[in-house]
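User: Could you take a close look at one part of this protein for me? I would like to understand the place where its two halves meet.

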Amino acid sequence: MYKLNPVSNQLEEIQETTFFENDLKEREHIEEWIRKSPEVLEEDLLIIGHEYDKFEINERLDLLALDKEGNIVVIEVKRDVTGGYVDFQALKYASYCARLSPQDILELYSDYLKDCGLEVDAKESLIEFLNIENEEELNTILNTSQRIIIVGKEIDKRILSVCTWLYENNIDVKCITIKPYKMENEIIIDTNQIIPPYKLENYYISKKTVAKERKIQIDENVSEFLQEVSNYINSKTDYRARYSGKRDYFVGRQFLNLPWKFVFVYKKKENWASIFIESDKPQAVELIKEIYENKLQEFTKEIGIEVELLRGVKNTELYKLNVKLTYNDNQSFEERISQYNNTFLKFKNYLEKQVSNLR
């Protein structure tokens, strides 16, 4: 990692350090960072448990989360080198979590919220996070699969070998490094996903989508469309958005270091698709409103499609800047994909320009 010296126009190396040298501890610090800001793991996660120890045997896992598809995510954290056993430990915990029912998860999350002193209704929070309509749908989507994320300053080569094999055999496991750097009196934290590499992730996701068809029924054309969009975004742009193959939409990661995200939708039967940026956080909501109120004409001209300002139905704090593409029956699959991807690029580029002008 480097910083720019504007006087000499040279890059100066920022020295890597260790958590040990800076008295940064596994539970007290690293787990707390992830618990409070799970987006550092580069995807949208909801933490539902911390130091969970309610298994029949006396063991506890570091962090338990849900992803946007309702899958359980076991997060194992090691301060420096992961060691050669953390893969088995994580697999054990994932196997234990496979037995959790929707009611178990609801109770687990309720206990976590209570322990954190948060006055939040667990059920409503899960429904909102998963963007579903009711408890019945919640019960069908929760814990259909389990995932593993291993986090450490260094990932042992034995762990990397095992995790690569697991991922190639449809076990959803990620390895993410979290490294501290020292710059004068400041500590800078950098994270990097090393398994699976970003460019291979979508290939393996496609394989797993096929493997799960017996569990999840979705229109093949919708799945193919959104997978192509996801592949394009991850390979041709600097944005990241992962499609799981389960729904007719998927959500990207945080954009421009602001609390907003792109959402990608394809409604084949209704012959339309949409792209929108959304947030319910005040900073991003104000920016969304400002762009819509002051830049609408310019924005619409730039994209070539009418831009709408939408508000959440259940979550009235949620605002969206939405563009809707309407297709005709004669358009080929390739034409639809091309139009969609080009619209996303224009949308993304325009927002980048506006945010840059405001900073």
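How many salt bridges are counted between domain 1 and domain 2?

Analyst: Happy to help! This is a predicted model, in which local features need pLDDT of at least 70 and side-chain atom pairs count only at pLDDT 80 or more, while totals for chains, interfaces and linings use all residues. Residues are numbered from 1 along each chain as its sequence is written, and side-chain values use heavy atoms, with hydrogens and water left out.

The count is four salt bridges between domain 1 and domain 2; a salt bridge here is a side-chain nitrogen of Lys or Arg within 4 Å of a carboxyl oxygen of Asp or Glu. Five residue pairs across the two domains are in polar contact, both residues being at pLDDT 80 or more. A polar contact is a pair of N or O atoms within 3.5 Å; within protein, one must be able to donate a hydrogen and the other to accept it, and residues adjacent in sequence count only if both atoms are side-chain atoms. On the side of domain 1 that touches domain 2, α4 (122-130) and α7 (198-211) are the elements that give two or more residues; helices are DSSP runs of H or I, at least four residues, numbered from the N terminus.

Now the wider setting. Domain 1 covers 2-202 and domain 2 covers 220-358, with bounds from an automatic or database domain assignment. Their C-alpha centres lie 27 Å apart. In contact (heavy atoms within 4.5 Å) are 23 residues of domain 1 and 17 residues of domain 2. Together the domains bury about 1,600 Å², 35% of it on carbon and sulfur atoms; buried area is the accessible area (1.4 Å probe) that two parts lose on being put together, summed over both.
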